[in-house]
Amino acid sequence: AESLVFGFIQNMRRHLQLSFLPVLCRPIGVGSTFEGWNPCEDDSIYCFLVPLKAPRGHTFHIEPGTAGETTARNFCIRVGLLCTCTAERWAKMRCFLHHPEDELKETEAPSLLHTLCTNSFLDVEKIAHWFSQNVKAVWKALPQSSQCGLTVLPSSRSCKFRVTGGRERSLTIEMIFGVQQGNSDVYLSSQALEATLTPSTMWPESYAVAEVKLFRHMTRQAPKNLVHLRCLRTCAHILGSTNFSTYSLKTVVMHLLTTTSLSSHHGTFYIRHVLTIMHYLRGCLEEKRLNHFFFGNKNVPKEIILPPDLLTAEPVNLFQHLPHNPDAHAKAWSDFNLL
């Protein structure tokens with residue numbers, strides 16, 4: 001999956017190198033498959049985040065969006081223009097800032113503002129459509145195309161496709177898009193929030209890259225038979241029809257990994273560790289609170305780079321729906337007893 005995605009990106013970069021469209025950076029594998037605990041190994045979806053950078057003569061300005069009723073922080077990405085007058089001669093490009101597009105020659109490529117933006121803001125759905133069209137265009141240039149078939153799947157905020165045939169089993173790949181916040185491991189992502197209607201110009205803050213980095217860091221620091229991934233996979237399997245999300249369980253495990261001795265995660269204590277996860281979850285239900293791992297958490301390893309305001313932010317409660325909703329709290333207890 002990784003070699004295929006890298007091949008797509010490399011070919012698309014060559015195809016777009018003279019354009020004024022977003023610069024595609026090296027894709028980053030994210031999600032449970034790359035964290036090492038995917039509960040559905042026989043039906044894996046390989047998810048990659050493709051970082052985007054502003055093209056020549058353009059710049060990205062991150063602006064806060066509306067918080068709504070979710071715990072996530074949302075942002076808009078305003079596209080601005082830069083003066084490139086001094087580079088015109090050697091770069092053979094017009095300055096979009098001082099030469100409006102209606103004055104450009106028809107043979108010149110249009111700017112990002114008039115292709116992938118809505119009201120000067122980067123539009124997720126337009127980017128997903130543009131990227132999917134380019135995936136189809138470069139597919140025949142890849143060596144896999146001679147033995148495999150490509151099917152682009154419906155998705156409004158990402159590029160999702162299935163590759164079938166060849167010696168390997170079918171692969172389902174989803175490519176989401178992100179804009180990095182400074183030099184941190186936190187991105188603004190095209191991935192929509194669950195159960196919410198996210199406007200096409202809204203980019204929710206994503207911690208997927210930081211989470212992959214955390215799990216890999218803890219695995220390197222722990223004994224060879226560290227069992228936290230096996231326990232997380234087990235707990236995710238038994239969620240069944242409960243209302244507990246896998247993200248809640250993952251958050252519990254991340255808290256435990258950074259607040260308990262790594263020696264306690266030895267494979268010999270597998271059952272005890274599963275019970276520790278359940279005990280922590282029980283405490284969260286009693287307090288009606290499960291803190292988001294990356295908000296104001298002093299236990300985040302220094303190897304994980306977070307935006308400064310996230311380090312000092314007030315803790316965010318992932319169980320914010322419980323304190324003022326007795327029915328939801330009762331259902332959560334019922335689900336917990338079932339687990």
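## Serine 32 and helix α2

Contact, as the word is used here, means heavy atoms within 4.5 Å. In this predicted model, serine 32 belongs to helix α2, which covers residues 32–35. When neighbours within four places in sequence are set aside, the contacts of serine 32 are Trp37, Asn38 and Pro39.

The relative accessible area of serine 32 is 19%. Since buried means under 20%, serine 32 is therefore classed as buried.

## Strand β5 and its two partners

Strand β5, residues 74–81, is mostly covered, with six of its eight residues buried. Strand β4 (residues 58–64) runs antiparallel to β5, and seven bridges join the two. Within this pairing, phenylalanine 60 is placed opposite valine 79 of β5.

β5 also pairs with strand β12 (residues 203–206), in the antiparallel sense and over two bridges. Here phenylalanine 75 faces tryptophan 203 in β12. In a regular strand, side chains alternate between the two faces of the sheet.

## The β8–β9 hairpin and valine 163

Strands β8 (residues 148–153) and β9 (residues 159–165) are antiparallel and are joined by six bridges. The hairpin connection from β8 to β9 passes through five residues. Leucine 153 stands opposite lysine 160 in β9.

Valine 163 is also located in strand β9. With a relative accessibility of 8%, valine 163 counts as buried. Beyond its neighbours within four places in sequence, valine 163 is in contact with Leu4, Trp139, Cys148, Gly149, Leu150, Ser170 and Leu171. The C-alpha atoms of valine 163 and alanine 1 lie 9.5 Å apart in space, although 162 residues separate the two in sequence.

## Helix α5

Helix α5 comprises 14 residues (208–221). At 1.5 Å a residue the helix should span 20 Å, and the end C-alpha atoms are indeed 20 Å apart, so the two values agree. The buried residues in α5 include Ala208, Val209, Ala210, Glu211 and Val212. Leu214, Phe215, His217 and Met218 of α5 are likewise buried.

## Packing of helices α7 and α8

Two packed helices are described by the angle between their axes and the distance between the axes. For helix α7 (residues 246–259) and α8, the axes come within 10 Å and cross at roughly 105°. This crossing makes α7 roughly perpendicular to α8, because angles of 65 to 115 degrees are placed in that class.

On the α7 side, the residues that meet α8 are Leu249, Val252, Val253, His255 and Leu256. Their counterparts in α8 are Thr276, Ile277, Tyr280 and Leu281.

## The two sides of helix α10

Helix α10 (residues 326–338) contains 13 residues. From its first C-alpha to its last, α10 reaches 18 Å, close to the 18 Å expected at 1.5 Å a residue. An α-helix has 3.6 residues a turn, so residues three or four places apart point the same way.

Ala328, His329, Ala332, Asp335 and Phe336 are the buried residues of α10. These residues lie on the same side of α10 because they cover an arc of only 120° around the axis. Helix α8 (270–287) is among the elements that cover the buried residues of α10. On the other side of α10, the exposed residues are Pro326, Asp327, Asn337 and Leu338.

Key
Residues numbered from 1 in each chain as written. Predicted model: local features only at pLDDT ≥ 70, side-chain atom pairs only at ≥ 80, totals over all residues. Heavy atoms only, no water. Helix = DSSP H or I, 4+ residues; strand = E, 2+ residues; numbered from the N terminus. Expected span 1.5 Å × (residues − 1). Buried < 20%, exposed > 50% of the residue type's maximum accessible area, 1.4 Å probe, protein only. Arc of directions from axis to C-beta. Pairing = 2+ DSSP bridges. Axes fitted to C-alpha atoms, helices over the stretch in contact; angles between N-to-C directions. Parallel < 35°, antiparallel > 145°, perpendicular 65-115°, else oblique.
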